[in-house]
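Trainee: Please take a close look at one single part of this structure with me, and then lead me from there to the other parts, step by step. I am in my first year, so please go slowly and carefully.

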Amino acid sequence: MSARIIDGKAFAAEIRGRVGEEVARLKAEHGITPGLAVVLVGEDPASQVYVRSKGRHTIEAGMNSYEHKLPADTPEAELLALIERLNEDPAVHGILVQLPLPGHMDEAAVINAISPAKDVDGFHILNVGRLATGQKAMVPCTPLGCLMMLRDLHGDLSGMGAVVIGRSNIVGKPMAQLLLGDSCTVTIAHSRTRDLPGVVKRADIVVAAVGRPEMVKGEWIKPGATVIDVGINRIPAPEKGEGKTRLVGDVDFESAAKVAGAITPVPGGVGPMTIACLLANTLTACCRIHGLPEPEGLTA
Ligand code: NDP
């Protein structure tokens with residue numbers, strides 16, 4: 001058996017296209033342009049790449065993009081004052097503070113200073129609580145992207161057995177909440193889980209968010225299961241030349257693709273969905289702030 005490869009790149013392009021259409025409609029019918037403010041503190045190279053890419057996609061979707069770059073030694077109070085200004089700014093509907101923050105800053109305090117209505121990353125404690133209690137929330141982008149792919153593939157997820165490997169606040173826990181919200185029977189596995197292969201083997205849906213290259217093996221997977229690989233790991237690739245590297249997921253793709261019914265590749269699977277869902281969240285936030293109906297299928 002050979003798995004269907006889920007094309008996250010194509011699906012993400014479709015989502016971005018739908019967001020773009022809705023943005024055009026908002027402009028034409030209500031004269032509103034959604035705006036996303038991204039705040040970057042310091043000069044972490046990976047963060048700079050992410051922020052540039054977010055800005056480019058925001059503009060391509062027809063939204064306004066506001067970038068705020070602050071030096072690494074910015075006092076926390078200054079960042080909090082900027083967030084307060086963005087909270088009050090009617091042109092800004094989404095605020096994202098790029099993580100990680102420099103060590104002298106209290107990440108939780110910064111995130112919780114963002115207005116929950118504009119918290120497009122879904123990390124504010126109120127949104128975390130709303131998601132956990134089944135209320136309307138802003139949902140973290142990566143798990144939202146995974147949920148969209150699963151719904152697209154299966155339609156109704158009700159009753160399916162799902163294992164989420166990883167219990168981080170940004171991926172594992174919200175992923176488990178979303179699957180529970182769609183009536184899956186959810187198991188959350190982590191570094192202390194006993195017999196992880198046996199736990200994975202029972203699942204119809206496996207979401208791997210571990211950060212360990214190719215850890216989940218094909219023989220762990222139930223035949224026909226759907227495998228969503230969130231991991232992004234850079235490993236040496238001597239076959240490409242000296243000092244070269246390549247990206248792999250948390251799943252051993254080659255062996256898993258022989259057993260699974262469907263699987264996301266790395267790269268080109270979950271990764272592109274994250275930015276698409278950031279745009280979707282910005283649109284959703286804008287509609288909610290203005291009391292307008294939300295476009296269907298772009299949120300949980
Ligand atoms: P964290 O490091 O915050 O969490 C990793 C989780 O994996 C922890 O809960 C940990 O368990 C668990 N874990 C570690 N080792 C094992 C093991 N041997 N067996 C079972 N569980 C284990 O990572 P994140 O959630 O932030 O990210 C996970 C991966 O997803 C990373 O590769 C990251 O790069 C990627 N990622 C991809 C995104 C995308 O857009 N595609 C976005 C965000 C992340 P414990 O809690 O017990 O320590």
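Mentor: Let us begin with Asp195, which counts as exposed because its relative accessibility is 52% and the cut-off for that word is over 50%. Please keep in mind that we are looking at a predicted model. Asp195 sits in the loop between strand 6 and helix 8, the latter covering residues 196-201. Its backbone deserves a second look, since Asp195 has a positive phi of about 50° although it is not a glycine.

Ser183 makes a good companion for Asp195, as it too is not a glycine and has a positive phi, in this case about 65°. This serine directs us to the loop between helix 7 and strand 6 (185-189). At 42% relative accessibility, Ser183 counts as partly exposed, because that term covers what lies between the 20% limit for buried and the 50% limit for exposed. Ser183 is also the residue with positive phi that follows helix 7.

From there we can step back into helix 7 itself, where the buried residues are Gly172, Pro174, Met175, Ala176, Leu178 and Leu179. These buried residues pack against helix 5 (125-132), helix 6, strand 5, strand 6 and strand 7.

Helix 6, one of those partners, can be checked with a little arithmetic. It has 14 residues (141-154), and at 1.5 Å a residue it should span 20 Å, which agrees with the 20 Å between its end C-alpha atoms. The multiplication uses one less than the number of residues, so take care with that step if you repeat it. Helix 6 is mostly covered, with ten of its 14 residues buried; among them are Cys141, Pro143, Gly145, Met148 and Leu150. The buried residues of helix 6 pack against helix 1 (8-30), helix 7 (172-181), strand 7 (205-208), strand 8 (226-229) and helix 10 (270-289). After helix 6 comes Gly155, and its phi is positive, near 70°.

In soluble globular proteins, nonpolar side chains tend to be buried together. With that in mind, which residues of the largest nonpolar core touch the most other members? They are Val19 and Leu179, out of the 56 residues that form this core. At least two residues of this core come from each of helix 1, strand 2 (35-41), helix 6, strand 5 (161-165), helix 7, strand 7 and helix 10, and the largest share, eleven residues, is supplied by helix 10. Both domain 1 (31-116) and domain 2 (141-272) contribute at least three residues each to this core. When residues up to four places away in sequence are not counted, Val19 touches Ala61, Met63, Leu279, Ala280, Leu283 and Leu298. There is also a second, separate core of 21 residues, which includes Ala189, Val200, Val206 and Val251.

As for the two domains, their centres, taken over C-alpha atoms, are separated by 29 Å.

Next comes the ligand, which is surrounded by 22 residues, the closest being Arg167, Ser168, Ser191, Arg212 and Thr274. For Ser191, an N or O atom in the side chain is 2.5 Å from an oxygen atom of the ligand, while for Arg212 a polar side-chain atom lies 2.7 Å from a ligand nitrogen atom. Ile232 takes part through its backbone, where an N or O atom lies 3.1 Å from an oxygen atom of the ligand.

Let us finish with the peptide bonds. What kind of peptide bond joins Leu99 and Pro100? The bond is cis, with omega about 0°, and Pro100 lies in the loop between strand 4 (94-97) and helix 4 (107-111). Leu99 and Pro100 are both in contact with Ser47, as are Leu40 and Gln98, once the neighbours of Ser47 within four places in sequence are left aside. Ser47 belongs to helix 2 (residues 45-60), and it counts as buried because its relative accessibility is 3%. A cis peptide bond with omega about 0° also joins Val266 and Pro267, and Pro267 is found in the loop between strand 11 (262-263) and helix 10. That brings us back to helix 10, which gave the largest core its largest share of residues.

Technical notes: Residues numbered from 1 in each chain as written. Predicted model: local features only at pLDDT ≥ 70, side-chain atom pairs only at ≥ 80, totals over all residues. Heavy atoms only, no water. Helix = DSSP H or I, 4+ residues; strand = E, 2+ residues; numbered from the N terminus. Buried < 20%, exposed > 50% of the residue type's maximum accessible area, 1.4 Å probe, protein only. Contact = heavy atoms within 4.5 Å. Domains from an automatic or database assignment. Core = buried A, V, L, I, M, F, W, Y, C linked by side-chain atoms within 4.5 Å. Near = heavy atom within 4 Å. Polar contact = N/O pair within 3.5 Å; in protein donor to acceptor, adjacent residues only side chain to side chain.
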